Amino acid sequence: MTETKKRITIIKPDDCHVHLRDSEILKKVIKYTGKFYKRAVIMPNLDDPITNLSKAISYRDRILNSMHPNYIFQPLMTCYLTHSTIPKELEIGFSKKIFIAAKLYPSYSTTNSKEGVKNINFITHILECMEKIGMPLLIHGEETDQNIDIYDREAVFIENTLEPLRKKFPKLKIVLEHITTKESVEYVKKHNSKYLSATITPHHLILNRNHMFSKGIQPYLYCLPILKKNFHQQVLREAIASGDKHFFLGSDTAPHLHKNKINFFGHAGIFNAPSSLLCYVTIFEKMNALKHLQSFCSENGPKFYNIPVNQETITLVKKPYKILKKISIGKDMIIPFLAGKTLNWSLET
Ligand code: NCD
Ligand code: ZN
């Protein structure tokens, strides 16, 4: 693959970090993930979180029943960790290949995280079990102490929580989700471990915190971890362009109703499923790194999760693609990332 390519064929990608929600929203948003991705790691932070096996099985059924029949799609379920998670249940779910991983949300770190983990020491027995069975731990890596500056919460988490955690559980497989800072990139690179990887979102590659405050405040660009300085954005771009196998695709597509984005307390999250893959290819091209597109999108994630890479391929072509302006949900709507804008890449049909 060369940088002057007008057409690129890669193994069909997997999105290793997706919020599909439930009910009407699930039905409306899922096809955008199914169009571009064969599999997705499904985040468990529903209003009623997916905290056990039976909830995961019925949520997986609702997902499969909501998918458009044209798409062959496999949801990879995760378990929301709480202080009362039962290790045996994780073990059964993991061995039956219902759970691919468990998600650690520090309590009050992000959307629907209040039932999450207040003190990581309270889940030692759960992490011991996960380390023993080789079950990956997915981490929302931000400190929740309100005295820590919001722009520093990820870096402080690495120092105060992640580093001690990895010392205690050196063979626990960890994905540091949606990393946004130089500190995270350096931490992952430095350790160069088969037990540690990180996902990177399209919006943290395309934007920095200035974009949130241009022409007024832009609530649709509010997500967690919050957009950082341009300097960190550049480090993330260099991380993917380096072809380092520890980084892979996790879009963190996170739909919210308009009434909840534009509110006294606006919800955090960016719905990027209609364009995420096209955003990634745009950035890889900009970085002269198209040769690493396939490993980031389709190989590094499956290798970490110990699942086979997909057999299908997809082809992306250099052709303008206009992103839809909105999705109607009853009387409300969801507005996608880059709504109404045109990208230079599209999916070959
Ligand atoms: C996500 C959501 O809305 O569920 N929001 C976000 O800003 N990324 C949760 C998360 O991944 O933090
Ligand atoms: Zn997320």
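## Naming of elements

Helices here are DSSP runs of at least four residues and strands are DSSP runs of at least two, both numbered from the N terminus. In those terms, Ser109 sits in the loop between strand E5 (99-104) and helix H4 (124-133). The model is predicted.

## Zinc site

Which protein residues donate to the zinc ion (ligand 2)? The donors are His17 and His19, each through NE2, and Asp252 through OD, lying 2.0 Å from the ion. Along the sequence these donor residues follow the spacing H-x1-H-x232-D. Distant parts of the chain are thereby linked by the pair His19 and Asp252, which are 233 residues apart. His19 belongs to the loop between strand E2 (14-18) and helix H1 (23-36), while Asp252 belongs to the loop between strand E9 (247-249) and helix H10 (258-261). Both His19 and Asp252 are buried.

Why is the arrangement around the zinc ion (ligand 2) tetrahedral? The four donor atoms subtend angles of 94 to 134°, and four donors count as tetrahedral if all angles lie between 85 and 135 degrees. For comparison, the ideal angle for four tetrahedral donors is 109.5 degrees.

## Ligand 1

Ligand 1 is surrounded by 15 residues, of which Arg21, Thr110, Leu224, Asp252 and His256 are the closest. Asp252 is also one of the protein donors of the zinc ion (ligand 2).

Several polar atoms of the protein lie opposite oxygen atoms of ligand 1. From the side chain of Arg21, a polar atom is 2.8 Å from an oxygen of the ligand. The side chain of Asn45 places an N or O atom 2.8 Å from a ligand oxygen. Ala268 has a polar backbone atom 3.0 Å from an oxygen of ligand 1. On its own, ligand 1 has 320 Å² of accessible area, and the protein covers 100% of that area.

## Ser109

Is Ser109 buried or exposed? Its relative accessible area is 10%, so Ser109 is buried, the cut-off being under 20%. Leaving aside residues up to four places away in sequence, Ser109 touches His140, Glu142, Thr144 and Leu224. Leu224 is also among the closest residues to ligand 1.

## Two buried residues of helix H5

Helix H5 (residues 153-168) contains Thr161, and Arg153 lies in helix H5 as well. Thr161 counts as buried because its relative accessibility is 13%. Arg153 likewise counts as buried, at 13% relative accessibility.

With residues up to four places away in sequence left out, Thr161 touches Ile120, Glu143 and Val156. The side chains of Thr161 and Glu143 are joined by a polar contact of 2.7 Å. Glu143 also appears among the residues touched by Arg153, which are Gly141, Glu142, Glu143, Asp145, Gln146 and Ile148, again not counting residues up to four places away. Arg153 and Pro225 are 72 residues apart along the chain, and their C-alpha atoms are separated by 8.4 Å.

## Helix H11

Why is helix H11 (residues 276-286) described as largely enclosed by the rest of the structure? Nine of its eleven residues are buried. The buried residues in H11 are Ser276, Leu277, Leu278, Cys279, Tyr280, Val281, Ile283, Phe284 and Glu285. After H11 comes Asn288, which has a positive phi, near 55°.

Methods: Residues are numbered from 1 along each chain as its sequence is written. Chains are lettered from A and ligands numbered from 1 in the order in which they are written. This is a predicted model: local features need pLDDT of at least 70, side-chain atom pairs count only at pLDDT 80 or more; totals for chains, interfaces and linings use all residues. Side-chain values use heavy atoms; hydrogens and water are left out. Donors are N, O and S atoms within 2.8 Å of the metal (3.2 Å for Na, K and Ca); water is not among the atoms, so sites may look incomplete. Four donors count as tetrahedral if all angles lie between 85 and 135 degrees; four count as square planar and six as octahedral if opposite donors are over 155 degrees apart and all others between 65 and 115; anything else is irregular. Buried means under 20% relative accessible area, exposed over 50%, partly exposed in between (1.4 Å probe, protein chains only). A residue is near a molecule or strand if one of its heavy atoms lies within 4 Å of it. A polar contact is a pair of N or O atoms within 3.5 Å; within protein, one must be able to donate a hydrogen and the other to accept it, and residues adjacent in sequence count only if both atoms are side-chain atoms. Accessible areas come from the Shrake-Rupley method with a 1.4 Å probe; for residues, only the protein chains shown count as cover. Contact means heavy atoms within 4.5 Å.
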